[in-house]
Protein chains: 2
Amino acid sequence: MPIYKAPVADTLFVLNDVLGYERYSNLPGFSDAGPDVLEAILEEAAKLAENVMHPLNRVGDEEGCVRSADGSVKTPKGFKQAYDQYREGGWMGLSIPEEFGGQGLPYTVHSAVGEYLSSANMALMMYPGLTQGAIAAILAHGSDEQKQTYVPKMTEGVWTGTMNLTEPHCGTDLGMLRTKAVPNGNGGYKISGQKIFISAGEHDMSENIIHLVLARIEGAPEGVKGISLFIVPKFKLDADGNPGERNAVVCGSIEEKMGIHGNSTCVMNYDEAEGYLIGQEHGGLKAMFVMMNEARLGVGLQGLSMGEIAYQNAVSYAKERIQGRSLSGPKAPDKKADPIIVHPDIRRKLMVMRAFNEAGRALVLWTALKSDVAHRSGDEADRQAADDHLGLMTPIIKGVLTDKGFEHAVMAQQVFGGHGYIEEHGMSQFVRDARIAQIYEGANGIQALDLVGRKLALNGGRAVQAFFKEVGDFCEENRADETMAPFTKSLKKGLNDLQAATIWLMQNAMQKPDNAGAASTDYLHLFGLVALGYMWARMAKTAQERIVEGTSRPLHENKLVTARYYFERVMPETAAHLARISAGADSMMALAEDAF
Amino acid sequence: MPIYKAPVADTLFVLNDVLGYERYSNLPGFSDAGPDVLEAILEEAAKLAENVMHPLNRVGDEEGCVRSADGSVKTPKGFKQAYDQYREGGWMGLSIPEEFGGQGLPYTVHSAVGEYLSSANMALMMYPGLTQGAIAAILAHGSDEQKQTYVPKMTEGVWTGTMNLTEPHCGTDLGMLRTKAVPNGNGGYKISGQKIFISAGEHDMSENIIHLVLARIEGAPEGVKGISLFIVPKFKLDADGNPGERNAVVCGSIEEKMGIHGNSTCVMNYDEAEGYLIGQEHGGLKAMFVMMNEARLGVGLQGLSMGEIAYQNAVSYAKERIQGRSLSGPKAPDKKADPIIVHPDIRRKLMVMRAFNEAGRALVLWTALKSDVAHRSGDEADRQAADDHLGLMTPIIKGVLTDKGFEHAVMAQQVFGGHGYIEEHGMSQFVRDARIAQIYEGANGIQALDLVGRKLALNGGRAVQAFFKEVGDFCEENRADETMAPFTKSLKKGLNDLQAATIWLMQNAMQKPDNAGAASTDYLHLFGLVALGYMWARMAKTAQERIVEGTSRPLHENKLVTARYYFERVMPETAAHLARISAGADSMMALAEDAF
């Protein structure tokens with residue numbers, strides 16, 4: 001049976017020691033979750049993850065969701081009960097404003113908790129995850145009446161939400177979507193069309209499902225400029241606001257997928273379903289992006305969460321499984337063989353995963369704090385700088401952490417040898433579940449294009465310049481510190497490669513946009529390496545301070561080792577990315593289409 | 001439905017144009033398969049792969065194998081009929097000596113054919129694949145009587161074979177194995193124990209199954225020096241050599257696996273089953289390695305085969321699926337969007353896969369030719385040099401081609417976006433099937449150790465020095481050729497990195513073996529990059545020659561583009577491998593075990 005232990009101590013190290021969580025106590029919500037409350041919340045979330053969600057993870061994979069002929073969907077055994085515990089514990093509303101029934105706590109806390117719950121049961125946590133995205137969109141673009149009608153019930157978790165974007169012929173290119181909206185004469189619309197890949201589209205866990213649906217109002221302009229967003233509840237509300245008559249939206253089938261079997265991924269058929277416009281006519285894409293951006297950070301977190309639980313299980317197996325002898329002489333001479341953790345190539349795998357997980361966690365929490373500043377600070381300059389950071393890091397967190405999360409789930413599976421390939425140990429499930437995170441909410445190639453094509457040049461490159469300056473200043477400030485030199489030297493080299501790549505793009509992508517596309521994925525990962533490297537440098541700095549102060553724990557010593565590993569063995573990859581970027585698009589685009 | 005088209009033209013280009021297949025016509029078997037016959041065989045194999053094997057691939061995944069309470073196993077619908085066609089076509093015996101009923105053709109031809117068949121249906125092809133490994137072991141170590149008793153029937157395919165190594169507590173470390181062999185007084189042995197992960201261990205496709213089983217003769221020394229190899233037929237043979245009484249070996253269960261569902265992976269229980277020693281007492285490991293080495297090349301071929309079919313399907317989808325517009329202006333203005341092959345990041349994926357597949361195919365065929373020379377040449381020096389090459393390249397082909405095959409199956413799946421994650425398009429199956437090749441026949445970490453710990457220093461480094469010299473000479477010879485400069489310059493840089501890494505290992509791994517272990521996987525992949533780069537340089541050279549001669553086809557022009565892509569965008573990775581190797585084992589091994 002797979003194991004899971006929420007890394008609470010590591011989260012606290014990052015938030016309290018490295019990022020100075022207490023410094024944000026002037027922001028709304030933060031004073032309600034000071035360090036003690038924060039720790040208590042994380043401990044409670046850890047229990048929920050370890051004891052309630054995690055034991056159901058295999059069940060969800062094995063049973064999957066079952067659709068009946070009437071379109072209803074049964075979730076795996078125990079899922080509804082676990083969801084009820086989540087709901088009753090008030091977890092859904094953790095960072096939702098109090099006026100809508102939430103607790104108004106920092107998004108940062110929500111993110112920290114989200115990692116644990118997703119590690120424990122990614123498929124199950126997608127039901128509330130999509131609900132939170134839907135809440136965010138309604139809060140950002142809905143009318144006051146819509147907010148009052150839907151958000152409190154969703155915050156309570158008795159209603160859930162979905163996002164309906166994809167159609168059979170369009171996913172990335174939403175401009176082609178065909179779902180129609182025709183005014184029904186009562187201020188509402190009749191929505192008709194087919195949506196596919198709708199996570200949590202139909203299930204038995206909530207009293208109502210609030211679908212947010214992209215559709216084209218009759219006579220709207222072509223392309224993305226003619227798309228509007230609608231609320232389409234599964235059950236229309238009666239005069240008292242309770243679920244009443246069934247709406248004309250039904251789950252036509254559920255997809256057979258590689259993983260996340262516990263989540264019902266539905267084909268949703270809309271047949272003149274009653275829907276209500278949210279936000280402006282033809283302003284649907286903008287409204288949807290509120291959900292998308294929140295969802296992208298959530299998906300990045302899923303990548304991290306899979307990398308973490310896969311790592312933990314690889315560690316556990318590597319300590320238990322005995323096979324062969326250490327190259328430097330027996331380490332367990334009383335046994336027939338040494339535990340495989342003595343073998344360097346096993347260690348290599350564990351260290352790579354660990355180095356990415358710990359830095360990934362720091363990057364997520366740093367960015368979550370920026371999100372809180374962006375949404376809650378009273379200072380406009382602070383808000384703007386934080387929002388710049390959030391926009392810049394969203395594609396990086398989504399793209400890099402999900403690519404690495406999958407890669408590391410595969411790596412952890414490899415530690416198990418043949419035992420990793422059979423379903424019994426659960427490692428295959430981590431791989432199969434992690435795979436989706438690279439695809440949905442904008443495939444990672446789209447994240448890379450968002451970074452290179454939009455975020456980089458936005459506001460004259462303000463966000464990226466601020467990041468370069470912060471990292472550069474950090475290297476400069478710590479240049480004289482001998483204990484920091486092994487880290488800052490490598491970080492600076494990485495930053496130089498990133499800046500060189502950025503300049504190359506500025507000089508070569510304007511006249512020839514294919515050069516940007518050709519560079520995009522490498523640039524995304526190059527940026528990720530530097531951002532994660534910066535997290536390692538800051539963690540190392542904090543650890544050094546504790547050591548100098550005499551207040552260090554083993555956690556701090558271990559951080560220095562892992563930081564060193566990262567800078568010695570991961571950071572050198574920046575050069576290959578730069579080489580590829582500077583090669584340009586020519587050899588990539590030269591073959592005629594029919595040569596393939 | 002997934003597509004597949006055997007790359008016959010590419011195989012012929014490599015064999016005839018690049019490797020000079022005709023030059024080997026003096027070797028036994030080659031004269032029976034001159035260029036015309038070779039082409040005819042490949043075309044026939046292509047038909048079998050495309051029309052018989054490939055249509056059953058999805059069926060195999062969906063149905064899997066079913067075990068009944070009596071231990072019998074039913075293979076997926078159509079598998080037996082397809083296997084019968086394979087068998088009746090004489091494919092099993094393609095390169096088996098004529099005296100045992102085979103056709104005695106080159107192993108090279110067998111390898112070329114093997115790629116197609118494995119692409120088309122990897123799970124199905126494992127049944128004959130294991131049989132061929134078993135035949136190789138019996139031919140190398142069996143008595144004349146054993147050869148005559150078993151090999152002709154296996155060559156005919158009416159009997160199949162298996163390899164029984166792994167036990168629940170030992171895989172890599174076979175020294176711990178517990179399966180017992182007790183002399184039965186009739187010259188045979190009673191074999192008792194449990195074996196796991198036995199591919200094709202039980203099924204309904206052949207009249208008998210010849211298990212090759214590693215076991216420890218009562219009183220044998222501990223460790224690997226006490227292991228012997230036994231033949232244990234499912235049905236004991238009667239006086240006429242026909243299957244008679246059932247032997248005491250039974251399939252206890254079949255494993256639920258991530259992929260290759262069409263192959264029955266069995267737990268095999270031996271309860272005083274009658275077995276016959278093959279080769280020397282306690283010489284089992286040596287005998288088993290004959291199978292292993294053959295099997296490792298076969299598994300490398302599986303990696304290539306999965307990368308190839310995944311690539312073909314990604315290409316097909318990328319040409320059909322329309323989504324978004326080209327960054328350099330619409331390419332299909334008559335359509336609502338351009339086919340996604342216009343997008344550089346999609347092209348990048350296709351080009352990476354293509355570059356590895358074509359070079360991987362060349363590396364496999366080059367090595368297969370060396371295997372033929374090693375086994376068939378009359379010249380001892382030639383045999384030795386070829387055998388050196390074979391030993392050196394075996395872990396590289398197994399490790400690198402399976403890592404890349406999996407990586408590229410994932411990459412091809414990514415081209416499909418959400419449609420790749422659902423089972424309908426078959427991309428998930430390629431990923432799940434490809435995954436096993438990194439694990440079995442020695443997990444890739446073991447391949448890396450075999451390379452660094454054994455092959456590198458063998459005979460004073462003779463094999464590796466010969467390879468360095470050949471590649472270095474090629475670069476030198478072509479230095480003045482301007483058309484070759486873009487390729488040889490990058491190849492030389494890669495070779496320099498590989499040589500630097502080799503020197504580093506020589507200087508740092510003797511006193512501290514952990515440095516070898518810590519470097520092993522990076523060294524394996526660094527070596528792979530250079531070996532594949534050498535294949536690209538040779539293919540480019542041939543293509544250039546055709547162009548100069550005026551005999552070029554589009555295939556030759558395309559080779560130059562793909563070669564350029566490889567050297568510009570893949571080869572630069574050698575530097576990161578060298579950096580990691582030279583970092584040594586310290587930061588990797590520094591953490592205390594309980595810090596994990």
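**Burial, contacts and cysteines in a two-chain model**

User: Why does A:K404 count as buried?

Analyst: A:K404 has a relative accessibility of 12%, and buried means under 20% relative accessible area, with exposed over 50% and partly exposed in between (1.4 Å probe, protein chains only), so A:K404 meets the buried criterion. This is a predicted model, in which local features need pLDDT of at least 70 and side-chain atom pairs count only at pLDDT 80 or more, while totals for chains, interfaces and linings use all residues. Side-chain values use heavy atoms, with hydrogens and water left out, residues are numbered from 1 along each chain as its sequence is written, and chains are lettered from A and ligands numbered from 1 in the order in which they are written.

User: Where does A:K404 lie, and with which residues is A:K404 in contact?

Analyst: A:K404 belongs to helix α10 of chain A, residues 380-415, where helices (H or I, at least four residues) and strands (E, at least two) are DSSP runs numbered from the N terminus. Once neighbours within four places in sequence are set aside, A:K404 touches A:F356 and A:H525, contact being heavy atoms within 4.5 Å.

User: How do you know what confidence the predictor has in chain A?

Analyst: The mean pLDDT of chain A is 97, and 100% of its residues reach 70 or more, on a per-residue confidence scale from 0 to 100. The model as a whole scores ipTM 0.98 and pTM 0.98.

User: What makes domain 1 and domain 2 of chain A neighbours in contact?

Analyst: The bounds, 287-447 for domain 1 and 460-589 for domain 2, come from an automatic or database domain assignment. The C-alpha centres of these two domains of chain A are 18 Å apart, and 24 residues of domain 1 are in contact with 24 residues of domain 2. Between them about 2,200 Å² is buried, 73% of it from carbon and sulfur atoms; buried area is the accessible area (1.4 Å probe) that two parts lose on being put together, summed over both.

User: How much area is buried between chain B and chain A?

Analyst: The figure is about 7,900 Å², with carbon and sulfur atoms giving 59%. B:Y421, B:R569 and B:F596 supply 12% of the area that chain B buries against chain A, more than any other three residues. In terms of contacts, 90 residues of chain B meet 90 residues of chain A.

User: How many disulfides does a search of the whole structure find?

Analyst: It finds zero over all chains, a disulfide being a pair of cysteine sulfur atoms within 2.5 Å. For B:C170 the closest cysteine sulfur, in B:C266, is 18 Å away, so the pair is too far apart for a bond. B:C251 is in no disulfide either, since the nearest cysteine sulfur, that of B:C266, is 3.7 Å away and the cut-off is 2.5 Å.

User: Are B:C170 and B:C251 buried or exposed?

Analyst: B:C170 is buried because its relative accessibility is 0%, and B:C251 is buried because its relative accessible area is 1%.

User: Which residues of helix α4 of chain B are buried?

Analyst: In this helix, residues 79-88, the buried residues include B:F79, B:Y83 and B:Y86. The buried residues of α4(B) pack against several elements of chain B, among them α2 (35-53), α5 (107-120) and β3 (159-164). Just after α4(B), B:G90 adopts a positive phi of about 75°.
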